[in-house]
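Please open the model in your viewer and keep the sequence panel beside it, so that each selection can be followed in both. The tour goes from one stop to the next.

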Amino acid sequence: MQWDIVIGLEIHVQLATRTKIFSGSSTAYGAEPNTQANAVDLAMPGTLPVPNEQAFRYAVMFGLAVNAEIERRSVFERKNYFYPDLPKGYQTTQLERPIVGPGYVDIDLASGDTKRVRIHHAHLEEDAGKSLHEDFHGMTGIDLNRAGTPLIEVVTEPDMANADEAVACARKLHGIVTSLGICDGDMSQGSMRFDVNISLKPKGSETLGTRTETKNLNSFRFMEQAIAHEVERQMDILEEGGTIVQETRLYNGDRDESRSMRTKEEANDYRYFPCPDLLPVEIDDAFIDEARNSLPELPDARKTRFKEQYGLNDYDAGLLASDSKLAAFFEATAERGKDAKLASNWVQGEFSARLNAEEKSVADSPISGAQLGDLVVRIADNTISSAGAKKVFEALWSGENDNVDAIIDAKGLKQVSDTGELEKMVDEVLASMPDQVAQYQQESDPKKQKKMLGGFMGPLMKASKGQGNPKLFNEILVKKLGG
Amino acid sequence: MHDKSVAELARELESGKISSVELTRQFLGHLKQEDEQLNSFITITEDQALADAHAADEQRAAGKATPWTGVPFAHKDIFCTNGVATTCGSKMLANFVPPYDATVTENFRKAGAVCLGKTNMDEFAMGSSTESSHFGATTNPWGLGKGEKRVPGGSSGGSAAAVAARLVPAATATDTGGSIRQPSALCGVTGLKPTYGRVSRYGMIAFASSLDQGGTMARTAEDNALMLNVMAGFDPRDSTSLDRPVPDYTATLDEPLKGLRIGLPREYFAGDLNGAVEEEVRSAIREYEKLGATVKEVSLPHANLAIAAYYVIAPAEASANLSRFDGARYGYRCADPKDLLDMYTRTRAEGFGAEVKRRILVGTYALSAGYFDAYYLKAQKVRRLIQQDFIDAFREVDVLMSPTTPSPAFKQGEKSDDPVTMYLEDVFTVAINLAGIPAMSVPAGFVDGLPVGLQIIGDYFSEARLLNAAHQFQQVTDWHQREPQ
């Protein structure tokens, strides 16, 4: 049987405010447990929440960036359940009246087409603390530093039909929030958390199947794997005539397996009701206009600009523009390097490959865009060959030296491009290889001739101690042999 | 000295006839002796009070005295006091010492007032008799003369009994459905529940957040005005407090009442209202007519729905507000929990009393899937109608007057087994909380030697007018000066 895959996303985005959504505690990551939790965060008796205006500004900026309606009057509600890392015994969140209404993003597909994914809504809420199950000898430690960190939860419509589209949508939203500067986008630290809702239905059917929700996807790669895994799991069940249980599943990326966390029957009755400690949030035109005016360049606009300003093709421009840090790195490289196409190739090629191999983000890169730009300059002006350039990149990356020209000098990578000097070497080599010269000149097939040129390159490179410009050697050879 | 009002004590201190330290010693001695019978205090903070009195004398010597500098008073044990146990009348918080002050506490501290301790209350402010306190019931000083143990009302029964018995001239209190006015009436003192949002709720342990309001209790209206001067005002730590200017509430106490339009809500002179109580209240209203007020009957058509709506909304909010008492971070935790669920269930089963559990269950039920619309949402709609009743009434009159309670103080144990009868104690008071408007209870006579309260209800932010009306009445009557034997 043929199946349609239906995918929707729920994304928790930690907002990069300095303080928490309802208290003055710092939100900085990585502090000693419970050093960033005050009386409000600990839910001490009598304490009250006071909303952080910056969180509202960020939520409105997000809404504007995904072409959404901003709700003028949104309401906080209490979502009630008991858990030790939830100090009040309820989470303050939004349900009936979220701050961001329906919107959409357009995603680029591998086919070159774009697809529109609708955003159902996005709401503001507070994060919970963390339960630490290790190092406590059978007990659980509670760290409330994260409790009260502002989040927006973004809920998409089930508009994605495969893992590629879902990942493209996730990357798009990642690019938007990082470009806005409202989230650091660090998935490994949980700054951005993706949950995937997946269901299958017979091809062409109008009726949606039962969905599952898969959690704990802390990288795009795991997200892709988890979707493939869940689709296969559901397909196996359905093809054997079984039924899908509506449930939340936890994915383990290292083992590529998932397990049921809770079924619908086990879900809490959260008893939502409007939080009486907080008045409805009123947002006026002036606030929205101010947020609109403060919007930085977003990935779509940046892509268009990269095509125009740097003459990049659609694919390269889209890729480089998707992530604000990568885009900024590319622009620094291109500006210094003066050759945008070459800069684009190096940023997407050697540089990105190296980041991926070492699981680093652009922010962790040991080299700067300007340094890579210096390297591009030396490639473009023929100072070094591409083989030499890789050696220079290696030296920059390892921190051996941070100056491109100094590395070129130290390693003797400078190409000889003085044609007079090169001609002399060619003359000497040709003179020492009369048989091969004769053979070449008797050959009438240009293809075979071209192949025979390679026979002279070895001795030429040897004669120039590897520093002769291969391109120029080639040109001189053709001229001399043909003449 | 313990017979004197706040205003009188302020004058004594100002004249230098007595120091704050001497005054505090006298009050503490009297309090420790008398409270054995009443149990109106949970904690007496003797050392802290003497230290504060010392500081107050220095403040005065430095020429920085306020009307409160060196004046003794007490806080209901629902207001957090930095470094002093704050129990809310519950086993759950019996060992809880907050590391912060409530805004109300902080305001009195800044004014130089001397807190003698924390007064008894119904557990988590849930009750109308101060019998549900983990620290034992408080006894109404009225009735003791006849050898009867009567309730002081609740939940602020400790504050009311302490003020009535002259243990302190004034005490803070809170009112969610009548918890200032009903005990004020039953103990023969003057109490004010301000407009919702007038006094900060920060550091005041929550029962039902949309109804809770801190307020004042003293023997005279003037002292209530002095208290409100310290307590009222916008607080950036409470998003529901209102940013409006605070008048000097003592400035308008002497305004004449000529032309004051009084409305008598028909629905508040009906039902199970005790005939003798009604007679005392009507006689008080005749005093107002003598002072130049006009009286007309008005109607609050949805009055009979108030109790039902209140007992859905208040427990619903309480069910969430009390979730934080889970044994994890502070307060009571059961012994040797075997796992998380065991810690939660036994901590809450052992730490909360019966009435608190009853309300958590009712509130949880009212918010549950499938019942939310029929209970919580319906109650909120009723709340709107009740609010509109008052808005309509205040188009015709300046204040409303009624009995505060249907009958005088009942005997301890009389209503303990019947929660619904107990809930009906609030029949004339809860609607005011649902509407968020201010109201007072003023001593207005006696029935069988027990005090009767007159409730004066005003429009939003009309505290000055209510205090003025109460003060003028107290210039021509002496009910508020009567002392229990």
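Leaving aside its neighbours within four places in sequence, which residues is B:Ser179 in contact with? In this predicted model, select B:Ser179 together with B:Ala125, B:Gly154, B:Ser155, B:Ser156, B:Ala173 and B:Thr174, which are its contacts beyond four places in sequence. B:Ser179 sits in the loop of chain B that runs between strand E4 (170-175) and helix H6 (181-187), and it counts as buried because 37 C-beta neighbours fall inside 10 Å, where 20 or more are required.

Next, add B:Lys76 and B:Ser155 to B:Ser179, since an unreviewed UniProt entry gives these three positions the feature "active site". Although they are spread over 104 residues of sequence, they cluster in space, with a largest C-alpha distance of 11.2 Å.

Centre now on B:Lys76, which belongs to strand E2 (residues 72-76) of chain B and is buried, having 33 other C-beta atoms within 10 Å. Its contacts, again without neighbours within four places in sequence, include B:Thr119, B:Met121, B:Ser156, B:Ala173 and B:Thr174.

Then turn to the largest nonpolar core, which has 201 residues, and select A:Ala59, A:Phe62, A:Ala166 and B:Ile456, the residues with the most contacts inside it. Helix H2 (residues 163-180) of chain A supplies the largest share of this core, 10 residues. Around A:Ala59, residues up to four places away in sequence not being counted, you will find A:Ile99, A:Val100, A:Ala122, A:Leu124 and A:Ile152 touching it.

Finally, select A:Phe306, A:Ala317, A:Val404 and A:Ile407, which are among the 30 residues of another core lying apart from the largest one.

How values were computed: Residues are numbered from 1 along each chain as its sequence is written. Chains are lettered from A and ligands numbered from 1 in the order in which they are written. This is a predicted model: local features need pLDDT of at least 70, side-chain atom pairs count only at pLDDT 80 or more; totals for chains, interfaces and linings use all residues. UniProt positions are given in the numbering used here, feature names are shortened, and annotations may be inferred rather than shown by experiment. Helices (H or I, at least four residues) and strands (E, at least two) are DSSP runs, numbered from the N terminus. A residue is buried if 20 or more other C-beta atoms lie within 10 Å of its own, exposed if 12 or fewer, and partly exposed in between; C-beta atoms are placed from the backbone. Two residues are in contact if their C-beta atoms, placed from the backbone, lie within 7 Å. A nonpolar core is a set of buried Ala, Val, Leu, Ile, Met, Phe, Trp, Tyr and Cys residues joined through C-beta atoms within 7 Å.
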